[in-house]
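User: I have a structure to go through with you. Please keep the answers short and end each one on the value or name I ask for.

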Amino acid sequence: PAAFDSTVVGLAGPSSGVVVVQTFDCVIALQAADGQELWRRDFFELDGAADSAVATVGEAVILGGDPIRSLDIATGEVSHEADGSQDISAVVVEGSSVYVASPDGVLALSAGDLQTQWLHATDDDVDNLSVGGGTVFYSVLAGGVGALSSSGDLLGDAEPGEVFQALDVEGSTLLAGRSDRMPRAGARQWV
């Protein structure tokens, strides 16, 4: 088992036999089979990294921040960068796209080279993302959830003013978690 000197804030993988752990101080790649450390990159080296915004895709680790970085999963070396923000709250990979929850909205990048595919602007910071069935679901800090097609078209939105702390997609169902209070009578189920 692996032990860390700092709080674990993000996990990704396994991908290519590697699990990635993000702490407040660094990002660490471990062999999935035995937990052996492959590499470690300190955030002093990776200035501007966002906490808890990490994902894996094929041979790459995607790390949110300013800039957003693609690291080689075998070595930890930076292979690509894209403009981002230290306030990125989530990075999700689906197919050949990387979706980023940012202060500007939902950003879609190509997984291979981090080139911008599209940006869906929002009035407030995007706080959560979940992707499934070709749909990108998001919630914003000011409240509400939305659904985008994989090409960035708005499919719909719901629950303005309601703040959701967690989103997940299972099949064709969106699970939206809220910890502020019990659901109100007559609340819509949005599927």
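User: What volume does the second largest pocket have?
Analyst: The model is predicted, and the value is computed from its atoms. For the second largest pocket, the volume is about 230 Å³.

User: Which residues are the closest to the centre of the second largest pocket?
Analyst: The lining of this pocket counts 17 residues. Five of them are listed as the closest to the centre. They are Tyr 138, Val 140, Gly 143, Gly 144 and Asp 157.

User: Which strand supplies the largest share of the lining of the second largest pocket?
Analyst: Strands E12 (116-121), E14 (135-140) and E16 (154-158) each supply at least two residues of the lining. The largest share is three residues. That share comes from E16.

User: By class, how many residues of that lining are nonpolar, polar and charged?
Analyst: The lining mixes classes. Gly counts as polar here, so Gly 143 and Gly 144, both in the lining, fall in the polar class. The split is eight nonpolar, five polar and four charged.

User: E16 also pairs with E15. Over how many bridges?
Analyst: Strand E15 covers residues 145-149. E15 and E16 run antiparallel. Within this pair, Ala 147 stands opposite Gly 156 of E16. The number of bridges is four.

User: Which residue in the hairpin of E15 and E16 takes a positive phi?
Analyst: Four residues lie between the two strands of this hairpin. The phi in question is near 95°. The residue is Gly 152.

User: In the open sheet of four strands, which are the edge strands?
Analyst: The order is E5-E6-E7-E8, with antiparallel pairing. The twist averages 20° from one strand to the next. An edge strand pairs on one side only. That holds for E5 (49-57) and E8 (78-82).

User: Which residue of E8 is the bridge partner of Ile 68?
Analyst: Strand E7 spans residues 68-72, a range that includes Ile 68. E7 and E8 pair in the antiparallel sense over four bridges. The partner of Ile 68 in E8 is Ala 82.

User: Which strand gives the most residues to the largest nonpolar core?
Analyst: This core has 16 residues. Among those with the most contacts inside it are Ile 62, Ile 68 and Leu 109. E5, E6 (60-65), E10 (97-102) and E11 (105-110) each supply at least two residues. The most, four residues, come from E5.

How values were computed:
Residues numbered from 1 in each chain as written. Predicted model: local features only at pLDDT ≥ 70, side-chain atom pairs only at ≥ 80, totals over all residues. Heavy atoms only, no water. 1 Å grid on protein atoms, 1.4 Å probe; cavity = no way out; pocket = protein on both sides within 12 Å on 5 of 7 lines; lining within 4 Å. Points joined across faces, edges and corners; volume = space filled by probe spheres on them. Pairing = 2+ DSSP bridges. Axes fitted to C-alpha atoms, helices over the stretch in contact; angles between N-to-C directions. Core = buried A, V, L, I, M, F, W, Y, C linked by side-chain atoms within 4.5 Å. Buried < 20%, exposed > 50% of the residue type's maximum accessible area, 1.4 Å probe, protein only.
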